[in-house]
Structures are given as C-alpha cells and as structure tokens.
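Trainee: I have a protein model open and I'd like to learn how to read it. Could you walk me through it?

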Amino acid sequence: MPAGMMPDVRTVSPGVATRTALAAQGFADPRPVGEPDRRHLRRVLSRVQVLQLDSVNVAVRAHYAPLFSRLGAYDRELVDSAAWTHSARRPRMLVECWAHEASLVPVEDWPLLHSGAKPRGWWRHYGRIAESEPALIDDVLAVVKELGPVGAGTIERELSGPAARTPGSWWERSDVKKVCEWLFGIGELTTGARRGFERLYDLSERVLPPEVLHRTVAADVAARELVDRAARAYGIATEPDLRDYYRLSPEVSKRAVAELVEEGTLEPVRVATWRAPAYRHVAARAPRTVEGRALLCPFDPLVWERSRTERLFGFRYRIEIYVPEAKRVHGYYVFPFLLDGALVARVDLKADRAAGILRVQGAFAESDVDLDRVASELAGELGVMASWLGLDRVVVGERGDLALDLRRAI
C-alpha cells in the first residue's frame, strides 16, 4: 500500500451492529433448560465481564438482574456463593473492586484493575487523611485483621470512644469510614462477605489466592487487556464506549485501542448511522436474528451507556432516581424491555415485598410496535420475574400508554 494511504474501512449496517452488540452481551444464547449453575454463571461473565453493584433495592439489587435477563429465573445464592464465600471445593469466582463503578469482577481480573491503568475514583481524595494520619491506617488494618470480615460501624466503635484501641486516638468516625473506602479503593481491603447489603471488609490477602494477589501487570498491558474485555463485551463500539466500560482515561484508552488495532484484535469499521468511528472485536459475530425477551435493569451493561443505547436501538433512556417525582417522565426505577432484538417498551417496577406484589407503576410502549404482542410477552416476563423474586402476582398501575393493554394481558 502506498505511503500515506489508509486501508478501506468496512461499513456495517445499523442492524448488523445491533445484532453484534446483542450477541456479545449473551442475548443470542438460549436460556438454560433446568436450574442454572456455575457453568451458566461463567458463561454470562464471559459475556458481560462485570456485574455493577448499587444500593437501590426498589425492585432487585443491580448485580442480580443481568443474570436474570440472560438466564431467566435462577437461585441468587449462585451469585452470593461465587462472590462472598470460599471453600477448597468451591473457590471464590468473583471479587469486589472499582471497575465500571463498584462491581463484582472475575477474581483473575483483580490485578488488571490495580495495575495503574485505571485512574483512581472519587475515593482518591481520602488519601489526604492517609497521609496526615498514618496511625489511623494502621489501626483500621489491625482491627480488620483481628475481626474481619467486619463492617465499618464496628471498626468505628473499636477506634473511637473510651474503649479505643489506640489510647488517646479518638478517631473521627467519618474519617474511619473514609479510610476504609480508600483502602478498598487501593486494594488493601476488599469485601470478605456481605450482611444484607452491608460491606464487610477483610484483608485482600485473605480473600484472594496468592497467585492473583501477587501478580503484577504493567499498566499498558493491563489497559490493553481491559479494552479487549470491553470490546468482547460490546462486540462493536466506539472508543469512548470502550473507555467507559472500565472508566479508563481518554489517553490510556486511545493508546490501547490503537495497539489492539495494530495487532489485529480490533477491526476499524464504519456504522452507517454513527458519527464516531467504530471498532469490531475479531471474535464478535452477528447472528441473522436475535429472538427472545428480557427485562433490563438500569445498570445492565447493554444499556448503561445511554448514548450507545440510543445509537443501537433508537431508545432514549435516562435514570430518573434523582429527578423530583413531579418531573419524572417514566418513573423511579425503569426497566427497558427487550423483545426479539429491539427495545420495545419500558416499565417502572417496584417489588412490594410486604404485599407479595410486583407493582408496575408505569408501562410505556415505543412507537410503531405491536401493542398486543408486546403486552403479551411483557406480561409473561413480568410473571417470571415476580416468581423469581418470591412475589405472588403482578399489579399494573394507571400510568403509561401500555398500561391498559398490559393489565388486560396479565
């Protein structure tokens, strides 16, 4: 090729891009017949790479929902045992750290996320406390070593007040919590167990196997591996999409993308309706059709990058948790509904555990969809979700242009 000339870039249709993205996220895989087990968990993890954690529990915790979307009803103990228990026969599969946000990731990915490839998060500001009060770091680690897995509240009580372990210390409780988060962020501590949703800190050396804990990875190598994982998870994506998956910095991400293109892992492509250049992972595939249905929580990797969701599906999606109720368009905790490769509706869900009801507080259809079919399929999936959550029935409220059809279908 003459110097200065660029190779032809293949053009990909929007439909192929969407099916590629869905297949990469596991939506072209059939749901298992029978009870899902660790093999199915591994398969989903090989697709999505991370399970984001979030404290909101209005319907179901965020880290459980992507598995339900891809596997159907499964025992949530499958995740709990993989993340927060360990035995010689069943080693821990998942560990908590900062990835996209606070997330569960495969244990073997821990070194990549503590290699320096990823910038430190909001908790980095707490490093000032560590610098000014090094004795507090020692005290926190000593308490965790003795009592861990242990919650921040217990650590606070051990280190403040008349019974403080370091005489005269009287550490501020807020500083203890901040130091716990800082130590979690830098990898000295991780989550040894959960009590409800409370994080119980433990020393990382007691949670991770030595070959993982002591593996060192150069930052540039780790960046390439993280972008490779993001590209596998997305199938086809822009560089900012790939950057966002693990929240890398622009310069680190751009360099890693360029290196992966050079080695042939990523193929530059043009998607007809996308403004930015795109990259297709060499292992990605585009099935002719994608069938099936799924409810997607707001923190599902398929939809968590909102501009990408709009590019792929023509579906404008925003989380309205922090929007005043009177100004919300669709509701507090809204699940998009995926049907045969398209986002066709959305529902605002609440698990009313006291009444045993999955409440559909609002139901909204996209334009130009078959309302009868969408309502029928959505009713079926809501029934599966209610049963999975241990709820007796589904009740549909008044809000939304799909509410009446959905009520009739249920």
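Mentor: Let's go through the sheets, then a couple of single residues, then rings and cysteines. Keep in mind that this is a predicted model.

Trainee: Fine, sheets. What holds the strands of a sheet together?

Mentor: Strands of a sheet pair through backbone hydrogen bonds, and the pairing can be parallel or antiparallel. Here, one open sheet has 3 strands in the order β2-β4-β3, with antiparallel pairing. The strands at its edges are β2 (51-52) and β3, each with a single partner strand, so one side of each has no neighbour in the sheet.

Trainee: How many bridges join β3 and β4?

Mentor: β3 and strand β4 (residues 102-106) pair over 5 bridges, in the antiparallel sense. The two form a hairpin, with 3 residues between them. You can spot W98 standing opposite A102 in β4. On the other pairing, β2 and β4 are joined by 2 bridges, again antiparallel, and Q52 has S103 in β4 as its bridge partner.

Trainee: And is strand β3 buried or exposed?

Mentor: Buried: 5 of the 5 residues of strand β3 (residues 94-98) are buried, so the strand is largely enclosed by the rest of the structure.

Trainee: What is the order of the strands in the sheet that holds β10?

Mentor: That open sheet has 5 strands in the order β10-β11-β12-β13-β14, and its pairing is mixed. At its edges stand β10 (293-295) and β14 (393-399), each with a single partner strand, so one side of each is left without a neighbour in the sheet. On average, neighbouring strands in this sheet are turned by 30 degrees against each other, direction ignored.

Trainee: How does β10 pair with β11?

Mentor: In the antiparallel sense, over 3 bridges, with β11 covering residues 334-339. As an example, L295 has F337 in β11 as its bridge partner. Look for helix α16 (residues 371-388) too: this helix lies across β10, β11, β12 (342-352), β13 (357-365) and β14, and runs at about 60 degrees to β10.

Trainee: I'd like to zoom in on one residue. Which residues does V360 touch?

Mentor: First, place V360: it is found in strand β13. Not counting residues up to four places away in sequence, V360 touches V347, D348, L349, L382, V394, V395, V396, G397 and L406. Its relative accessibility is 1%, so V360 counts as buried. For a sense of distance, V360 and A284 are 76 residues apart in sequence and 36 Å apart in space, C-alpha to C-alpha.

Trainee: Can you show me another one like that?

Mentor: Try T238, which is found in strand β7 (residues 236-238). T238 is buried, at a relative accessible area of 3%. Leaving aside neighbours within four places in sequence, T238 is in contact with W274, A276, P277, A278, Y279 and R311. Two of those turn up together again: R311 lies over the face of W274, at 4.9 Å from the ring centre.

Trainee: So a charge can sit over a ring. Where does the charged end of R199 sit?

Mentor: Over the ring of F184, 3.9 Å from its centre.

Trainee: What about rings next to rings? How many aromatic pairs are there?

Mentor: The structure holds 10 aromatic pairs. Take W122 and Y126: their ring centres are 5.6 Å apart and their planes stand at 85 degrees, so the pair is edge-to-face. F315 and Y317 make a tilted pair, at 6.1 Å centre to centre and with 50 degrees between the planes. As for accessibility, W122 is partly exposed, at 42%, while F315 and Y317 are buried. Ring pairs also link Y234, Y245, Y246 and W304 into a cluster.

Trainee: Last topic: cysteines. How many disulfides are there?

Mentor: A disulfide is a covalent bond between the sulfur atoms of two cysteines. The count here comes to 0 disulfides. For C180, the nearest cysteine sulfur belongs to C97 and is 17 Å away. C180 is buried, with a relative accessible area of 0%. C297 is in no disulfide either, and its nearest cysteine sulfur, that of C97, is 18 Å away. C297 also counts as buried, at 0% relative accessibility.

Notes: Residues numbered from 1 in each chain as written. Predicted model: local features only at pLDDT ≥ 70, side-chain atom pairs only at ≥ 80, totals over all residues. Heavy atoms only, no water. Phe/Tyr/Trp six-rings, centres within 6.5 Å; stacked < 30°, edge-to-face > 60°. Buried < 20%, exposed > 50% of the residue type's maximum accessible area, 1.4 Å probe, protein only. Lys NZ or Arg CZ within 6 Å of the ring centre and 35° of its normal. Disulfide = S-S within 2.5 Å. Pairing = 2+ DSSP bridges. Helix = DSSP H or I, 4+ residues; strand = E, 2+ residues; numbered from the N terminus. Axes fitted to C-alpha atoms, helices over the stretch in contact; angles between N-to-C directions. Contact = heavy atoms within 4.5 Å.
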